[in-house]
Amino acid sequence: MSTIVESKRKKPTLLLDNFRFTRDKIINTTIYWKCEDRSCLGRAVQCDLNSPFMKQPHNHEGDEIKCKVEEFRMNLKQRIEDSPQPVKKIYREQIISLYTTSSQITQFTPMFHEMKISLYNARNTSYPSAPRNIDDVMIEGICSKTLNESLKQLSESDHGHLFFDETFKSCPNPFYQLYSAHSLQELGFQSAFIDKKSRDMNKINVRNLYKKKTCALAFMPPQEISNLGVIIMDEYQDIDNIGEFYDYVTNTWIDNDRLFDYTLWQYYHFI
Ligand SMILES: [Zn+2]
């Protein structure tokens, strides 16, 4: 079994049959490896994409524990880079899997808190760099459903009010974490929330409609959402200029050809 890991100085290191090799030279498509112990003549060769093999023997024993621990570190970092799961969870899974295959090694592997910093570094390097302005933002695939127009509106919001909220532990698939940012649109809706204590009946109705009724749809049984939507709209039809809000709610969340499928926002089966 061979693996190539990265040394502390970011140099490739070959682990082969419990020996460590540093890269000596590359000639065409052949890689020559030499034992990391300079007083040893141990050599390995790797042709093209084939597995490397030992060419000259070592004058010392191999170090199984050191090699296995390094492999563990590398697999762990690889998984952290490739998977969106929480770093700690991946660490735990990898330790369990190592324990089931080579239980004698786990006593030599670093504890989570000892390698936490380098693990989070691995996670951070797998993220793309942060955009500097709105034109740097590229949205593809399922995420583009939030529409670039909405993002532009958010970035240009000049109402002085942006609302942020986060959900880190309970997100429906395919999300891992949710961080939402809302800006206000000129629908006459915002004054009901900015002026929260207002006794104006219209504003009280807007707040109830939004917080107690519309948002609560996420917790209702999916087969009831359509009916409940109609009941809500009937109940609050007298709010001034409410039509535009209802159009938005039905087009985005409720209609058969809604923008966001129930699976993306439904919490009924979650609680
Ligand atoms: Zn050697």
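This passage describes the zinc site, the aromatic pairs and two threonines of a predicted model. Local features were taken only where pLDDT is at least 70 and side-chain atom pairs only at pLDDT 80 or more, whereas totals for chains, interfaces and linings use all residues. Residues are numbered from 1 along each chain as its sequence is written, and side-chain values rest on heavy atoms, with hydrogens and water left out.

The zinc ion makes a good starting point. Its protein donors are C35 (SG), C40 (SG), H58 (ND1) and H60 (NE2), at 2.0 to 2.3 Å from the ion. Donors here are N, O and S atoms within 2.8 Å of the metal (3.2 Å for Na, K and Ca); water is not among the atoms, so sites may look incomplete. Along the chain, the donors of the zinc ion show the spacing C-x4-C-x17-H-x1-H. The angles among the four donor atoms run from 103 to 115 degrees, and the site is tetrahedral, a term that asks of four donors that all angles lie between 85 and 135 degrees. Of the two histidines, H58 is buried, with a relative accessible area of 16%, while H60 is partly exposed at 29%. Buried stands for under 20% relative accessible area, exposed for over 50%, and partly exposed for values in between (1.4 Å probe, protein chains only).

Aromatic rings come next. A pair of aromatic rings is described by the distance of the centres and the angle of the planes. Rings of Phe, Tyr and Trp (its six-membered ring) pair if their centres lie within 6.5 Å; planes under 30 degrees apart count as stacked, over 60 as edge-to-face and the rest as tilted. The whole structure holds 10 aromatic pairs. In one of them, the ring centres of F164 and Y179 are 6.0 Å apart and the planes stand at 35 degrees, so this pair is tilted. F164 belongs to strand 7 (residues 162–167) and Y179 to strand 8 (residues 178–183), so that the pair links parts of the chain 15 residues apart. Helices (H or I, at least four residues) and strands (E, at least two) are DSSP runs, numbered from the N terminus. F164 is partly exposed at 49%, whereas Y179 is exposed at 52%.

Y210 and F245 also pair, with centres 6.4 Å apart and planes at 65 degrees, so their arrangement is edge-to-face. This pair joins helix 6 (residues 201–214), which holds Y210, to helix 8 (residues 243–254), which holds F245, across 35 residues. Y210 is partly exposed at 30%, but F245 is buried at 7%. Ring pairs connect Y210, F245, Y246 and Y248 into a cluster.

Charges also sit over rings, meaning that NZ of Lys or CZ of Arg is within 6 Å of the ring centre and within 35 degrees of the ring normal. K25 lies over the face of Y32, 5.4 Å from the ring centre, and R258 over the face of Y262, at 3.7 Å.

Finally, two threonines are described. T109, in the loop between helix 2 (87–101) and helix 3 (112–125), is buried at 7%. Its side chain reaches the backbone oxygen of T106 at 2.8 Å. Setting aside neighbours within four places in sequence, T109 is in contact (heavy atoms within 4.5 Å) with V69, F72, I95 and L98. T250, in helix 8, is buried at 16%. With the same neighbours-within-four exclusion, T250 is in contact with M233, D255 and R258.

Note on methods
Four donors count as tetrahedral if all angles lie between 85 and 135 degrees; four count as square planar and six as octahedral if opposite donors are over 155 degrees apart and all others between 65 and 115; anything else is irregular. A polar contact is a pair of N or O atoms within 3.5 Å; within protein, one must be able to donate a hydrogen and the other to accept it, and residues adjacent in sequence count only if both atoms are side-chain atoms.
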